[in-house]
Amino acid sequence: MESKAANDDGTSASLLASEGGNIDTLTEVLRAGEHVVVYTGAGISTAASIPDYRGPDGLYTRSAKGRTIQPCDLTAANPTLSHMVLLALLRKGRIKHIVSQNCDGLHLRSGVPQENLSEIHGNMYIEVCAHCEPPVQYFRDFDVTAQTRRHRHATQRTCSRCGASLQDTIVLPGETGRLAWPLNWDAALDHAQRATHIIVLGSSLQVMRHYKPLWCMSRVKGKRPKLIVVNHQATLKDKQALFRISSSCDDVMRCVAAELELDVPEYSRLSDPIFSESTETKHQASSTACGHKEDPTNEYEEKTGIPPKTGAGGWYMRGAVKRASSTRPFGKRKRRVKSADHPTASTSSSPSQLE
């Protein structure tokens, strides 16, 4: 990764030729240091080889065409250039907060503090004891959702403090997010209300458009935050946006970083909280002591007597693919997104204690 995010094989020059004016405007918005909030979707993670949903090769697109959907190991992905540029912008005060629909944990892994991040659909690396007060977050270096599903979020592991069952943090379609962290709805709503500009990166907004408090829809149009969209495909907010840049997130953020002369940090596992702050399960700890690494899902088999399912792909394959198999496009369903209109306020103003 480049420290100054220099041009990449002419792509930046080509993008500047076609979208130069809009990129200049985007850069000036960030340079001005107003209250800029960034909303991210699956498109920011495609450069990490994580398929999106509605892109040309997305999960829903492949399903609609009857094409095979291959399992994807999200734990093999690392934060992209866009993730690292956002971290640099946050450190410089150019952006104030990030609201992400993604459960892949890449924003947190890039180094973004939880106070500056709202993962409104959860994080695949975090499981929580909701019985402790305040609730305790457990960071893991594996997907904690291997044995969970819609409305059944117990991970089959227990809290080392109180012995209660741990639960994942994922909010699947039709569910209401009730955890204070890592969803952090309080901060998302607070920053939305204070925002002068909202920048959307890599989202068609099929889901996020329903979250009306994030768009300050109770205000008259002229008093709402100004909107800028970066997404290959058209979105449902294009008519309300100042403009949409039809390009990949990495290409646009590379140009922005170069224009602002940002010193973009390189991703390192040494500073990745999923690895540096993760808590071993009892099976991982015992297997490490014995000199080998044991699959944490074996704890499930010991507890229940049932062998863990293989090839299920955790929340990503079970939740997303099940949703993709519908005969109707997601955006055309007449359904209420519960967490959109009634995001649950958290009971604490800072991240719960980490274990």
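A search of the whole structure, which is a predicted model, turns up two aromatic pairs. Pairing here means that ring centres of Phe, Tyr or Trp (its six-membered ring) lie within 6.5 Å, with planes under 30 degrees apart called stacked, over 60 edge-to-face and the rest tilted. In one pair, the ring centres of Tyr 39 and Trp 215 sit 5.2 Å apart with planes at 80°, so this one goes down as edge-to-face. Tyr 39 belongs to strand β1 (residues 36-40) and Trp 215 to the loop between β8 (197-201) and β9 (226-230), so the pair ties together parts that are 176 residues apart in sequence. Helices and strands are DSSP runs numbered from the N terminus, with H or I over at least four residues for a helix and E over at least two for a strand. Both Tyr 39 and Trp 215 are buried, where buried stands for under 20% relative accessible area, exposed for over 50% and partly exposed for anything in between (1.4 Å probe, protein chains only). The other pair, Trp 185 with Tyr 211, is tilted, at 5.5 Å centre to centre and 55° between the planes. That pair also links distant parts of the chain, with Trp 185 in helix α5 (residues 185-194) and Tyr 211 in the loop between β8 and β9, 26 residues apart. Trp 185 counts as buried because its relative accessibility is 1%, and Tyr 211 counts as buried at 1% as well.

As for ground rules, residues are numbered from 1 along each chain as its sequence is written, and side-chain values use heavy atoms, with hydrogens and water left out. Local features need pLDDT of at least 70 and side-chain atom pairs count only at pLDDT 80 or more, while totals for chains, interfaces and linings use all residues.

Zooming out, the chain has 11 helices and 10 strands, and 53% of its 355 residues count as buried. Take the contacts (heavy atoms within 4.5 Å) between residues at least 6 apart in sequence: 68% of them join residues at least 24 apart. The accessible surface (Shrake-Rupley, 1.4 Å probe) is about 16,000 Å², and carbon and sulfur atoms account for 48% of that.

Tyr 39 turns up again in the packing. A nonpolar core is a set of buried Ala, Val, Leu, Ile, Met, Phe, Trp, Tyr and Cys residues joined through side-chain atoms within 4.5 Å. The largest such core has 70 residues, and Tyr 39 and Leu 214 touch the most other members. Helix α3 (residues 81-91) supplies the largest share of this core, eight residues. Not counting residues up to four places away in sequence, Leu 214 touches partners including Tyr 39, Trp 185, Val 99 and Ile 120. Apart from the largest core lies another one of seven residues, among them Cys 129, Cys 132, Tyr 138 and Cys 159.

Strands β1 and β2 offer a closer look at the interior. Thr 40, in strand β1, counts as buried because its relative accessibility is 0%. Leaving aside neighbours within four places in sequence, its contacts include Leu 86, Val 99, His 107 and Met 208. His 97 is part of strand β2 (residues 97-100) and likewise counts as buried, at 0% relative accessibility. The C-alpha atoms of His 97 and Val 36 are 7.4 Å apart, although 61 residues separate the two along the chain.

Helix α6 (residues 249-259) is mostly covered, with nine of its 11 residues buried. Among the buried ones are Asp 250, Asp 251, Met 253 and Arg 254. Met 253 also helps line the second largest cavity, together with Leu 26, Val 38, Leu 86, Ile 95, Ile 199 and Leu 201.

Finally, the backbone has a few oddities. Most residues other than glycine have a negative phi, and most peptide bonds are trans. The peptide bond joining Glu 133 and Pro 134 is cis, with omega about 0°, and Pro 134 sits in the loop between β4 (126-129) and β5 (136-139). Another cis bond runs from Trp 181 to Pro 182, with omega near 10°. Pro 182 lies in the loop between β7 (165-168) and α5, and so does Asn 184. Asn 184 is not a glycine yet has a positive phi of about 50°, and it is buried, with a relative accessible area of 3%. Gln 156, in strand β6 (residues 154-158), takes a positive phi of about 75°, and Glu 261, just after α6, one of about 55°.

Notes:
1 Å grid on protein atoms, 1.4 Å probe; cavity = no way out; pocket = protein on both sides within 12 Å on 5 of 7 lines; lining within 4 Å.
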